[in-house]
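Colleague: Please take one part of this model and go through it closely. I'd like the local detail first, then how that part connects to the rest.

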Amino acid sequence: MKINIDGHIIEVDPGTTILQAARMIGGPSVPPTMCYYSKLDDCGGKCRCCLVEVTKGSEKDPRPMPKLQPSCVTAVQDGMEVKSATSERALKARRSVSEFLLINHPLDCPVCDQAGECDLQNLAYGNENYKSRFKEQKRTFEPEDIGPYIQLHMNRCILCYRCVKLADQLTQERVHGVICRGDHAQISTYVSRAIDNDFSGNVIDVCPVGALTDKTFRFKSRVWFNKPFNAHRDCPKCSGKVVLWMFGDTIQRVTARKDEYHEVEDFICNECRFEHKENVEDWVIEGPRKFEKFSVINANNYTRPLKKVKIEVDDLTLEGRKQDEKKISMKSSPYDEDELNAINEVKGE
Ligand code: SF4
Ligand code: FES
């Protein structure tokens with residue numbers, strides 16, 4: 001089947017979605033995604049971030065589709081023509097969707113562990129959503145304990161359903177999901193149940209925002225202060241292929257490896273993620289990971305020569321500073337006898 005996206009023609013198998021075809025092409029034509037996740041079955045169609053304009057339905061029925069289509073759940077038809085990055089209508093709608101997602105999302109990025117690798121942050125910056133028109137109160141939720149490893153911040157959840165789909169796919173007995181409807185909809189566990197299974201930690205990786213974060217890494221460090229390394233270990237439960245986020249010799253956190261769309265390549269078990277952080281020797285380090293060009297970690301490149309900072313001060317301030325230096329100088333207060341003895345003792349005199 002042939003599809004034309006922003007003037008790029010590509011041939012794909014029947015059943016391919018517009019988003020998958022766009023990813024095969026790559027570049028700016030790839031729509032952003034907040035709910036679709038290529039490794040999860042039956043996901044997508046929730047957030048509407050990936051809207052595109054279908055200007056020609058197919059060779060058989062060339063009529064344009066009147067409404068914008070979510071590219072992650074719309075199958076390619078032979079001869080279809082799609083505008084993604086070249087459609088003003090789609091770009092405007094995506095901007096509105098990201099503004100809509102931010103309606104209830106708190107702007108607590110300075111204290112959120114996800115900052116620096118948050119898809120919603122990237123989306124908002126990409127769409128230049130710098131101002132909110134929402135003046136009403138944001139919805140808030142009582143904190144809920146969902147187990148020893150995972151912290152749920154429901155206020156930050158955008159209800160993308162990724163964590164629910166992941167639990168359906170990876171676990172025998174899913175204990176969490178979306179309860180209630182409309183403005184009251186929230187991620188929660190069945191009464192007094194904790195999320196407790198060998199692969200539960202993966203919900204942290206699939207969550208596009210900071211709604212599900214790693215309790216063992218909580219408030220420890222900003223992600224951009226750590227250096228990510230590919231590493232592996234022999235693990236009977238999972239592939240054992242992880243990313244170690246190091247600060248010096250210390251492992252700050254362990255995550256799964258993600259691809260260019262920030263999607264996990266191999267899901268990892270909780271033992272690899274949470275229980276081998278003390279000893280670097282537990283891991284075979286393969287080497288440093290490459291950062292994306294625009295990653296916040298790259299932006300924080302301290303090896304780059306720094307511009308000289310020139311502080312403009314007037315003479316009076318400098319005079320004041322000299323006076324202060326004199327005041328805090330110890331020169332004018334001689335040592336007493338005990339202090340002199342102590343100093344001499346140290347010197348061995
Ligand atoms: S907790 Fe995260 S992954 Fe789960 S629905 Fe909310 S935003 Fe999505
Ligand atoms: S990514 Fe397509 S609707 Fe969310």
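Modeller: Burial first: a residue is buried if 20 or more other C-beta atoms (placed from the backbone) lie within 10 Å of its own, exposed if 12 or fewer, and partly exposed in between. This is a predicted model, so local features need pLDDT of at least 70 and side-chain atom pairs 80 or more, while totals for chains, interfaces and linings use all residues. Residues count from 1 along each chain as written, chains are lettered from A and ligands numbered from 1 in written order.

Let's start at tyrosine 161. Tyrosine 161 is buried because 21 other C-beta atoms lie within 10 Å. It sits in the loop between strand E7 (150-152) and helix H4; helices (H or I, at least four residues) and strands (E, at least two) are DSSP runs numbered from the N terminus. Its phi is near 75 degrees, a positive value in a residue other than glycine. Most residues other than glycine have a negative phi.

Next comes H4 itself, residues 162-170, where Arg162, Cys163, Lys165, Leu166 and Ala167 are buried. The cover over those buried residues includes strands E8 (176-179), E9 (186-189) and E10 (212-214), along with helix H5 (202-206). Cys163 does double duty: it is on that buried list, and it is also one of the five that come nearest to ligand 1, together with Cys157, Cys160, Cys207 and Ala211. There are 14 residues around the ligand, "around" meaning a C-beta atom within 6 Å of it.

H5 leads us on to valine 264, which touches Asn202, Asp205 and Val206, positions that fall within H5. Leaving out residues up to four places away in sequence, valine 264 also touches Lys39, Ala256 and Lys258, a touch being C-beta atoms within 7 Å. Valine 264 is found in the loop between strand E13 (250-256) and helix H6 (270-274), and it is partly exposed because 19 other C-beta atoms lie within 10 Å. Its C-alpha atom is 8.9 Å from that of serine 38, although the two are 226 residues apart along the chain.

Histidine 262 lies in that E13 to H6 loop too. Its phi is positive, near 65 degrees, and with 16 other C-beta atoms within 10 Å it is partly exposed.

For the wider setting, the protein has nine helices and 14 strands, and 30% of its 349 residues count as buried. Among contacts between residues at least 6 apart in sequence, 64% join residues at least 24 apart.

Notes
Two residues are in contact if their C-beta atoms, placed from the backbone, lie within 7 Å.
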